[in-house]
Amino acid sequence: MQNEHYDDSIIDVSGSADIPINFGTDLPVQEPASENIPRAQYDPEGWKIGKKYVRKLSLNDEQTALLDRLWFADNVFNEIEYCRIQILKQFLRAVDYLRTHCIPVNKSYATVIEELSEIIVCLQYNYRKESLNYRYTYDAVQTEIFNHILKLCENNVREVYGIKRKINTDFNYSHPDILHQYGRKIVSKLEVFLQENQHQILDADHRTNTILNENNTGRWKTKFEIIKEDFSNALAFEREIFRLAEVNIKNPSQDAIFFEASKFVSKHDRISALKLYLHYFEKDLNTSQFDRKQLTKNIQKSLFSTNEQLTDFENILNEFVTTRNLEAAIEKASQLYLPKRKKIVIDREAVENVQRQHSGTVALLEEYLRDDYEEESIPSKPAELEEGEELTMNITHQNTEIEIHKYIDELNLSEIQKEILDLFEKQSFNIPQSEMAVYLQSKNLFMGSTIDSINDLCFETLDDVLIEEEDEYFTINTDYYKKLLNND
């Protein structure tokens with residue numbers, strides 16, 4: 001909020017509220033026939049946060065008045081009701097901490113917030129304490145401090161919920177003495193308190209996690225690392241992966257969860273790895289682009305000790321592409337490693353005929369048949385894989401659909417720009433900058449100018465930047481990406 005200087009002379013118009021207005025007619029007003037229908041009453045203070053959450057948060061009068069002074073810079077995160085409630089609760093705890101545990105140097109002030117408000121008014125505005133503008137500005141500055149604390153609390157909740165992107169928490173004043181005092185008296189104290197107090201922030205519920213994962217496509221990776229660290233057996237691992245996938249049902253990178261899970265568990269359980277890969281395959285088939293990621297050569301060699309096993313799994317995948325029967329495919333994959341027994345059919349009539357003609361050789365014949373049966377019952381060992389032999393699963397995908405005009409024509413994107421956006425979609429809208437640099441170098445393009453050109457073309461449609469830098473990654477907000485797609 002920008003502060004303005006006001007003259008000490010203020011016009012008071014409060015006495016004009018009860019002045020009757022004469023519309024120039026003495027005719028009686030005809031009431032509408034539907035006068036008994038209750039009318040919705042407009043509440044001019046309905047937007048105030050304290051009034052809105054007074055019951056939901058069980059606020060007292062002081063807390064309600066405090067929250068009424070706040071406003072949210074609305075964004076995708078704090079517009080989620082559950083997240084907003086956690087932010088407000090953390091804010092109330094933070095303010096209470098400042099009031100009870102941070103003693104102002106000047107004992108004439110009840111709290112450090114009041115002390116700092118006085119410092120800002122004096123250093124920034126130099127108003128006389130007796131002037132009318134002083135009181136107004138003092139209240140405005142104090143409100144700014146509360147709203148800044150609210151932003152710190154939002155970033156604190158974002159951290160707990162695994163959201164790497166933080167909102168801007170720059171303070172409104174650049175005066176070095178103000179920044180020094182504010183950092184020392186409030187920010188430094190809150191950094192410690194908020195970190196230690198994170199345990200009071202409730203875990204996100206199922207619905208909130210689903211929304212957060214839809215807008216933050218790489219958020220699942222943090223939970224996935226925890227699941228890997230807690231690995232005890234394949235069955236429990238699968239159960240946790242399915243739970244993770246469930247809250248990522250709207251996440252375009254849901255298939256990546258099963259793919260990475262298959263890679264990890266391949267070191268512990270081959271059948272579990274095949275089942276999870278089939279789940280990845282099923283999710284991937286239902287996406288707009290069929291990536292058909294292959295397991296690495298080393299993983300394939302650990303899963304398939306023979307060419308026959310690899311071929312059998314290829315057949316399972318190709319059959320699944322046609323039938324889309326996941327349950328049947330998983331059942332066949334579960335039996336992939338069972339030994340294959342050859343059935344021997346003995347012609348009893350021929351045996352009896354030989355027995356009649358050569359009764360003396362019956363014992364020898366029976367011994368021969370028994371030995372032959374035992375030999376044939378042992379499964380013949382398929383050709384083993386040679387050292388260094390390449391493994392590639394050959395998966396047939398019949399897709400006659402031709403993707404035309406994927407992005408809206410108004411963008412005027414070039415083919416290479418479309419390829420870059422497609423690459424973001426394939427990689428769940430998170431691409432390491434180093435990887436992007438290598439990719440663009442192969443196309444003889446400069447990274448900075450290429451990214452800027454895409455952002456420039458999309459800015460008019462989005463009124464914001466599409467591709468952003470986050471740590472060492474380039475990221476795209478999925479809501480923004482959807483606005484670029486041609487829905488015809």
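**Figure 1. Helices H9 and H11 meet through side chains from both partners.** In this predicted model, Ala234, Phe237, Glu238, Ile241 and Phe242 of H9 are in contact with Ser272, Lys275, Leu276 and His279 of H11. Sorted by class, the contact of H9 with H11 holds five nonpolar, two polar and two charged residues. Helix H11 covers residues 270-285, and its axis is 11 Å from that of H9, with a packing angle of about 15 degrees. Angles under 35 degrees count as roughly parallel, and H9 and H11 are therefore roughly parallel to each other. If you want the handedness as well, H9 and H11 make a right-handed crossing.

**Figure 2. Val247 sits in the loop that follows H9.** Stay with H9 for a moment: this helix spans 234-246, helix H10 spans 254-265, and Val247 belongs to the loop between them. Is Val247 buried or exposed? Its relative accessibility is 14%, so Val247 counts as buried. Which residues does Val247 touch, leaving aside those up to four places away in sequence? They are His206, Asn209, Thr210 and Asn213. Glu214 is also worth finding in this view: 33 residues separate Val247 and Glu214 along the chain, and their C-alpha atoms are 9.0 Å apart.

**Figure 3. Gln90 is a buried residue of helix H3.** Helix H3 runs over residues 81-101, and Gln90 is part of it. The relative accessibility of Gln90 is 0%, which is why Gln90 counts as buried. What surrounds Gln90, if residues up to four places away in sequence are not counted? Gln90 touches Cys153, Asn156, Leu194, Asn197, Gln198 and Ile201. Take Cys153 from that list: Gln90 and Cys153 are 63 residues apart along the chain, yet 6.1 Å separates their C-alpha atoms.

**Figure 4. Helices H17 and H18 pack against each other through a set of named side chains.** On the H17 side, look for Ile416, Glu419, Ile420, Leu423 and Phe424; on the H18 side, they meet Met436, Tyr439 and Leu440. By class, this contact of H17 with H18 has seven nonpolar, no polar and one charged residues. How do the axes of H17 and H18 cross? H17 takes in residues 415-426, and its axis comes within 12 Å of the H18 axis, crossing at roughly 150 degrees. Angles over 145 degrees count as roughly antiparallel, and H17 and H18 are therefore roughly antiparallel to each other. The crossing in which H17 passes H18 is right-handed.

**Figure 5. Three strands form an open sheet in the order S1-S3-S2.** The pairing in this sheet is antiparallel. Strand S1 (430-432) and strand S2 (467-470) are the edge strands, each of them pairing on one side only. On average, and with direction ignored, neighbouring strands of the sheet are turned by 30 degrees against each other. Helix H18, made of residues 433-442, lies across S1, S2 and S3 and runs at about 75 degrees to S1. As general background, strands of a sheet pair through backbone hydrogen bonds, either parallel or antiparallel.

**Figure 6. Bridge partners show how S3 pairs with S1 and with S2.** How many bridges link S1 and S3? There are three, and they pair the two strands in the antiparallel sense. To trace this side of the pairing, find Pro432, whose bridge partner in S3 is Tyr473. On the other side, four bridges join S2 to S3, which consists of residues 473-476, and these strands run antiparallel too. Two pairs help you follow S2 along S3: Ile467 stands opposite Ile476, and Glu469 stands opposite Phe474. The hairpin of S2 and S3 has two residues between the strands, and in this hairpin Asp471 takes a positive phi near 55 degrees.

**Figure 7. The whole chain gives the setting for the close-ups.** The chain contains 20 helices and three strands. Of its 488 residues, 40% are buried. Among contacts in the chain with a separation of 6 or more, 68% are between residues 24 or more positions apart.

Definitions and conventions: Residues are numbered from 1 along each chain as its sequence is written. This is a predicted model: local features need pLDDT of at least 70, side-chain atom pairs count only at pLDDT 80 or more; totals for chains, interfaces and linings use all residues. Side-chain values use heavy atoms; hydrogens and water are left out. Two strands pair if DSSP finds at least two bridges between them. Axes are lines fitted to C-alpha atoms, for helices over the stretch in contact, and angles run from 0 to 180 degrees between N-to-C directions. Contact means heavy atoms within 4.5 Å. Angles under 35 degrees count as roughly parallel, over 145 as roughly antiparallel, 65 to 115 as roughly perpendicular and the rest as oblique. A crossing is left-handed if the near helix is turned anticlockwise from the far one by less than a right angle, and right-handed if clockwise. Ala, Val, Leu, Ile, Met, Phe, Trp, Tyr, Cys and Pro count as nonpolar, Asp, Glu, Lys and Arg as charged, and the others, Gly among them, as polar. Buried means under 20% relative accessible area, exposed over 50%, partly exposed in between (1.4 Å probe, protein chains only).
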